[in-house]
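Please examine the sequence and the structure shown below. The paragraphs that follow consider one helix and then the surroundings of the ligand.

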Amino acid sequence: MNPTGSFKDRGMVMAVAAALERGATSLLCASTGNTAASAAAYAALAGVTCGVILPAGQVAHGKLAQALTYGARVIPVQGSFDDALTLTQEAVQHTGAELVNSVNPLRLAGQRTAAYEICDVLGGAPDILALPVGNAGNITAYWEGFQAYRQAGRIASLPMMWGFQAEGAAPLVRGETVVSPETVATAIRIGRPARGDQALAAARESGGAIRAVSDEEILAAYEAVASLEGVMCEPASAAPLAGLRRRAAEGEDLSERVVVAVLTGNGLKDPATALSRAHVPEPIPASLGCVLEALA
Ligand code: F0G
């Protein structure tokens with residue numbers, strides 16, 4: 001059900017359950033926002049404390065509002081997500097808190113279930129699975145999930161894994177760390193993905209690829225899926241749609257393919273981006289004449 005509005009819940013519920021079994025009383029994560037919201041929610045439900053280390057000023061307001069309201073200890077640091085993750089890994093050594101970033105294997109075990117569900121709904125594996133890639137846990141989890149489902153005899157084929165990063169935060173495309181990643185898709189504003197090697201392996205082994213898309217392409221896809229389908233996702237989630245559009249424009253024939261693009265986060269997470277793209281109309285007098293005029 002992803003109650004906090006992103007796929008992170010699939011993995012977080014597993015990581016937190018395992019932490020509780022071990023008797024943990026506190027959780028810690030670095031986050032671009034969604035992991036923080038999810039960790040904070042499950043910590044609240046479980047009655048344990050939660051610290052979230054965030055890149056200051058780079059977290060969409062819906063996510064920040066969630067982490068604060070669920071009662072997490074929110075720690076903005078003057079640095080990038082990558083700095084925050086390094087600090088988190090060091091801090092767990094000092095505090096003994098449970099690390100619930102996707103370097104935790106239980107997170108991936110939970111996120112694999114998304115691959116199972118897609119196969120169940122389609123009655124088989126898709127030809128292509130398109131995902132946004134940030135810290136690279138999710139694409140790793142999906143690839144594990146599809147492989148596990150095939151080993152279990154539930155599907156006959158495996159999809160190609162197509163990952164998409166934002167051009168200003170595309171370390172896996174460029175083949176090197178991006179020290180100061182920049183993109184409107186703040187969820188994937190990551191320059192040194194913790195599971196980068198596994199993401200590249202998933203792309204290679206599946207016959208897929210990891211590519212980059214520009215912020216303009218991301219925002220165009222973000223507006224298109226909202227206005228054509230009635231689905232408002234967050235900017236990062238539109239990266240795979242942007243990528244599919246670009247590959248189709250480059251001549252890739254997708255017409256006979258079963259393609260799944262995962263919308264990883266709810267659009268309400270980031271109202272500021274939506275409003276910055278839209279024209280908010282000026283108020284008019286509350287009269288029928290003015291309303292009819294405005295509708296004309
Ligand atoms: N889409 C959304 C909405 C995300 O929040 C993230 C990651 C991704 C895609 C990419 O997934 O990192 O497994 O490659 N958000 C993390 C966070 C980094 O802290 O919430 P990934």
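**Helix α4 and the ligand site**

In α4, the buried residues (buried being under 20% relative accessible area, with a 1.4 Å probe and protein chains only) are Phe81, Asp82, Ala84, Leu85, Thr88 and Val92. Viewed down the axis of α4, these buried residues fall within an arc of 160 degrees, taken from the directions from the helix axis to the C-beta atoms, so they line one face of the helix. An α-helix has 3.6 residues a turn, so residues three or four places apart point the same way. On the other side of α4, Gln93 and His94 are exposed (over 50%).

This is a predicted model, in which local features need pLDDT of at least 70 and side-chain atom pairs count only at pLDDT 80 or more, while totals for chains, interfaces and linings use all residues. Residues are numbered from 1 along each chain as its sequence is written, and side-chain values use heavy atoms, with hydrogens and water left out.

The buried residues of α4 pack against β1 (26-30), β2 (49-55), β3 (73-77) and β4 (98-99), where contact means heavy atoms within 4.5 Å. After α4 comes Gly96, with a positive phi near 75 degrees.

Turning to the ligand, 20 residues lie around it (a heavy atom within 4 Å), of which Ser31, Asn135, Ala136, Asn138 and Thr264 come nearest. An oxygen atom of the ligand lies 2.7 Å from a polar side-chain atom of Ser31, and a ligand oxygen is 2.8 Å from a side-chain N or O atom of Asn34. The protein covers 99% of the 470 Å² of accessible area (Shrake-Rupley method, 1.4 Å probe) that the ligand has on its own.

Definitions and conventions. Helices (H or I, at least four residues) and strands (E, at least two) are DSSP runs, numbered from the N terminus. A polar contact is a pair of N or O atoms within 3.5 Å; within protein, one must be able to donate a hydrogen and the other to accept it, and residues adjacent in sequence count only if both atoms are side-chain atoms.
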